[in-house]
Amino acid sequence: MSAAAPFVLWLDDPIANGHPALGGKFSSLGEMTASGFSVPPGFGITTTAYRSFMDAAGLSEEARRVSAAADKMALEDIKSETKSLIAGVLNAPLPAQLEADIREAYAELERRTGVKDVPVAVRSSGESEDLAGASFAGQYDTFLWVCGIESVLHYVRQCWVGMFGEAVLSYRVDGQAVISRGDFGMCVGIQQMVQARAAGVMFTLNPLNGDRSKVAMEAVWGLGEGVVKGDITPSRFMVDKVTLEIVERKRSDQREEYRFDPSQGVAVLPIEEERIGVSCLEESHVLALADLAKHIERRRGAPQDIEWAVDVNGNVRVLQVRPETVWSRKAAQSIVGKQRSPIGHVLARMAGNQIAKPAATGAKGAV
Amino acid sequence: MEVQNDTTPSAKRRFQSPFDVATPPGAEGWQELYPYYAHISEERRAVEEQKLWYFDGMHNPEPLYPFDTIMTENWWVAASQMTTKVWPIPVAMGIDQRIINGYLYVSPNSIDDPAEVARRAELFNERAGHYYENWDTIYAEWKKKANGCIERLKQIQFKALPEFEPEENVYGHRGIYSSHDLLSSYNRLIENLFEMGSYHFEMLNLGYGAYLTFREFCQQAFPGISDQTITDMVSGIDILLFRPDDELRKLAARAIELSVDEALLVNSDPAAALAAVGALPGGAAWLAAYEESRNPWFWFSTGVGYTHSDAVWMTDPRLPFTALRGYIQALRRGEDIRRPLDKIIETRTRVTQEYRELLPTEDDREAFDGLVKLARTVYPYVEDHNFFVEHWHHSLFWEKVRELGEVFVAHKFFDDKEDIFYLHRHEVYDALYDMIIGWAVGTPPRGEVYWRPIIQKRRKIRDALAKWSPPPALGLPPESITEPLTIMLWGITQETIQQWLGGDTAEDGVIRGIAASAGKVTGRARLITESEQLYDVQDGEILVCRITAPSWAPVFQRISAAVSDVGGMMAHTAIISREYGLPAVVGTGFATVNVSTGDLIEVDGTEGTVRVLEKAVQA
């Protein structure tokens, strides 16, 4: 691990590109920023910062013990096993230099955006996300619309604590608790909130059959939380990655959206009459997003799962990028039934045989 | 045998029986226009009622003229014998035909007995394999045969019979005379058509087969990939069908160089334009270039070439002159009217490469490479045979038939050379014999009084038939549509059948078809049921027709979208629609029934829908 990493690393710092101390999500966002994609400004409180805090608080040893034991812990025992560790993380004082660095970085973000108490998203970005096959989708915490440095500091600790929550400790891939595979640190990303007009998630393949020639997109009015949580039915778009044609679309009749409200924070609120029955994305946005997905995938060299937003000015922003983990783990299955010469294929077809089987289906492709 | 049995649980929905189709008013007796073997008949009811017959509006959108059945009767044999006798396509037999109310209905025969399929497969593999392996050589030979056939057609001449035999027939001791020449010229004309008709299908089914295989591979690998994208990967850029239009672009540029452009612009009548150009200093040079371009590129039909009534550029240059004026105006505005060939090639290369990279395994990429290469090998034939056969040869053929029509006019059988098309080709032989009897004997032939009333009656009948709208299908749909040519040529699939069965009117004002060219446009409809109506098309209108033809290209400059009743991925239209970037929806089944000229409609070529937004006020 990079002991040399500073406590705070900005996404647009040249060394942020893929830096391990930023954890999975934020090192990817560093890479996206370096590649010129439109990523909202922000910084990561690195894994170095996390380890420095844990060492200073005398909690490192206990954290290692809990992680290592995760594989054998029964779900009902997790709470009691982690109780003192969590209390420690929530209450131990921050080392002075670390706290000063975070305060200075947030002040810098206020200066850069020109907004006092600039609303930010506070996101966990764990090292464990780098493990192939473990997306930890939705397991780590994200806090939206956090305003002011005191709140930021509060939610940074919440993210750290999240490492020891039931969901993370019990997250298993191939029957093994992922967290027990190593001594993982946690980076916390602080990023300016995007005032999303519409947002959502896209995969650079068709998640239903693994067809890599498609970009599959789900989109909602407002913040993308509804898509991720699944409590708002999104509109769906399927785009041919090569020709950038929309080959399938299904508009959802959305009546509520996630949006920030000064009195309630981020909440599910009704949407105005004018937007009901209207597609949350214009065709040009769908195509711009598909093009973006194609470039990100090409840049990253493998299928990706991308969170995005269209801001109030109509600009497409990249919020999160991570490797697609389902189809990428499966052994590629050939679609040609039988090896034949090209003429052999044609003759077989004219004899009434199918020469290729459909792209894999979920059942067939299961590992 | 009782077939209307919709109450049993297994009963499938079926179309109207061909036996229940009523004769349109005024068309009583239409059967006499066509030979006995082309009719639905009680003797064959058991077979005929159990088959699916679909309307071949793609090739024959209008009621057939009796003489024009030579084309449909040609492929009835020529296309079918390729799949049954030459290389027995394992699962397919021939495609049967019937004429119902003057319209052509077809029905493919297929084979499902596994033993028979296997027996045919063995023969097929050897024979078809030989063609695929030697494709380029065979295609080079094919072009020679086609050119030879066209040359021999050009040599055939029809002249009225002389008062006395010319001297050379006497002193040359020929022993055969003008009567024999006339009969044998007619026989050669008919044989020549059947010869070209046979070449037409020599390589076509195999060409489609290779393309179809590649297409299915792509559809399995990339579910939802559009037919247009697949065609783009294999289509050539220098295909002959673009050539006539390219010639016009060249002529437009040449007209500006030689300063004859104004004369072409101000004279909308082609003859007047040519005369005005001829009077100018640069005129001779331009007219020379024009003559050069015309042969053979103006042997270009405005229809699919299967009917004599389709105007041909050579004899009716209104369409090319309209296009020419459009190109001159574009050039004057400083536009580049050349086709962006580099861009087309670049896109084709990129698209093919990108799909290839998205395949899951090396085996798949290998299969893809081989299939795309084979499809590209066969595709020049698939695209170019059209110019040789339907446009050049057939247009020339119709002109020869008119030449014979003149002979009948000279011998007082007909009032107009076009009347010949109201006779079946077998009747023409009888009439010719009648004519030479009269000529030889000196008694006035019966044909002088016999044919006029028949022609008059048949014209009325055909006019009545033209007002009838043929349903897309009749009879009993099969369990599944597997016959490759039905799918390839007519675009008819299980879904099409279901859609047709779903009803003939769009309940919600939405007509559904195949999304053929992306984009959405709203505009006034222009319904075209006969190619003569093409000249009525106004700028920005949406063309609604049974089928469009590639040679309508100049009209595509004026329209904003195209909608057709019939057609699938291989319909000749697809190529030109793409070129012009117009939204198009094909295979709607009923657009010409539900849309009238002047209706405000919305064409969504991305979704494959046509919406009638506002009906035109009927004058």
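How many residues of chain B are in contact with chain A, and how many residues of chain A do they meet? The legends below start from that question and describe a predicted model.

**Figure 1. The side of chain B that touches chain A.** In this view, 42 residues of chain B are in contact with 33 residues of chain A. The elements of chain B that give two or more residues to this side are α3 (114-133), α7 (204-221), α14 (341-357) and α15 (362-410). Sorted by kind, the residues on this side of chain B are 24 nonpolar, twelve polar and six charged.

**Figure 2. B:Ala128 and its contacts.** B:Ala128 is part of helix α3 of chain B. Is B:Ala128 buried or exposed? A residue is buried if 20 or more other C-beta atoms lie within 10 Å of its own. B:Ala128 has 22 C-beta neighbours inside 10 Å, so B:Ala128 counts as buried. Not counting residues up to four places away in sequence, B:Ala128 touches B:Trp87 and B:Leu206 in chain B, and A:Leu347 in chain A. B:Arg348 is 220 residues away from B:Ala128 along the chain, and the C-alpha atoms of the two are separated by 28 Å.

**Figure 3. B:Phe368 in helix α15 of chain B.** B:Phe368 has 24 C-beta neighbours inside 10 Å and therefore counts as buried. Leaving aside neighbours within four places in sequence, the residues in contact with B:Phe368 are B:Phe217, B:Arg356 and B:Leu359. B:Cys218 is 150 residues from B:Phe368 along the chain, yet their C-alpha atoms are separated by 8.2 Å.

**Figure 4. The largest nonpolar core, with a view of B:Val378.** This core has 173 residues. Which of them touch the most other members? They are B:Tyr211, B:Ala375, B:Val378 and B:Val563. Helix α15(B) gives the most to this core, with 20 residues. Apart from neighbours within four places in sequence, B:Val378 is in contact with B:Trp135, B:Leu206, B:Gly207, B:Ala210 and B:Tyr211. A second, separate core has 90 residues, and A:Val39, A:Ala198, A:Met202 and A:Ala216 are among them.

**Figure 5. Chain B as a whole, for orientation between the close-ups.** Chain B has 22 helices and twelve strands. The radius of gyration of chain B is 26 Å, close to the 25 Å that the globule rule gives for 619 residues, so chain B is as compact as a globular protein of that length. The C-alpha trace of chain B spans about 80 × 70 × 60 Å along its principal axes. Of the 619 residues in chain B, 47% are buried. Among the contacts in chain B with a separation of 6 or more, 70% are between residues 24 or more positions apart.

**Figure 6. Strand β11 of chain B and the strands paired with it.** In a regular strand the side chains alternate between the two faces of the sheet. Strand β11 (residues 600-604) of chain B shows this alternation. B:Ile601 and B:Val603 point to one face and are buried. B:Leu600, B:Glu602 and B:Asp604 point to the other face and are not buried. Strand β7 (residues 520-528) of chain B runs antiparallel to β11(B), and five bridges join them. Strand β12 (residues 609-614) of chain B also pairs with β11(B) in the antiparallel sense, over five bridges. B:Ile601 stands opposite B:Gly523 and also opposite B:Val612 in β12(B). The hairpin of β11(B) and β12(B) has four residues between the strands, and B:Gly608 there takes a positive phi near 75°.

**Figure 7. An open sheet of six strands in chain A.** The strands of chain A follow the order β11-β10-β9-β8-β14-β15, and their pairing is antiparallel. Why is one side of β11 (246-250) and of β15 (316-323) of chain A left without a neighbour in the sheet? These strands stand at the edges, each with a single partner strand, so one side of each has no neighbour in the sheet. From one strand to the next the twist averages 15°. Within the sheet, six bridges join strand β8 (residues 196-203) of chain A to the antiparallel strand β9 (residues 214-221) of chain A. A:Ala198 stands opposite A:Trp221 in β9(A). Helix α9 (residues 283-300) of chain A packs on the sheet and touches β8, β9, β10 (235-240), β11, β14 (304-311) and β15 of chain A. The direction of α9 of chain A makes about 140° with that of β14(A).

Methods: Residues numbered from 1 in each chain as written. Chains lettered and ligands numbered in written order. Contact = placed C-beta atoms within 7 Å. Nonpolar A, V, L, I, M, F, W, Y, C, P; charged D, E, K, R; others polar. Core = buried A, V, L, I, M, F, W, Y, C linked by C-beta atoms within 7 Å. Buried ≥ 20, exposed ≤ 12 C-beta atoms within 10 Å, placed from the backbone. Rg over C-alpha atoms; globule rule 2.2 N^0.38 Å. Pairing = 2+ DSSP bridges. Axes fitted to C-alpha atoms, helices over the stretch in contact; angles between N-to-C directions.
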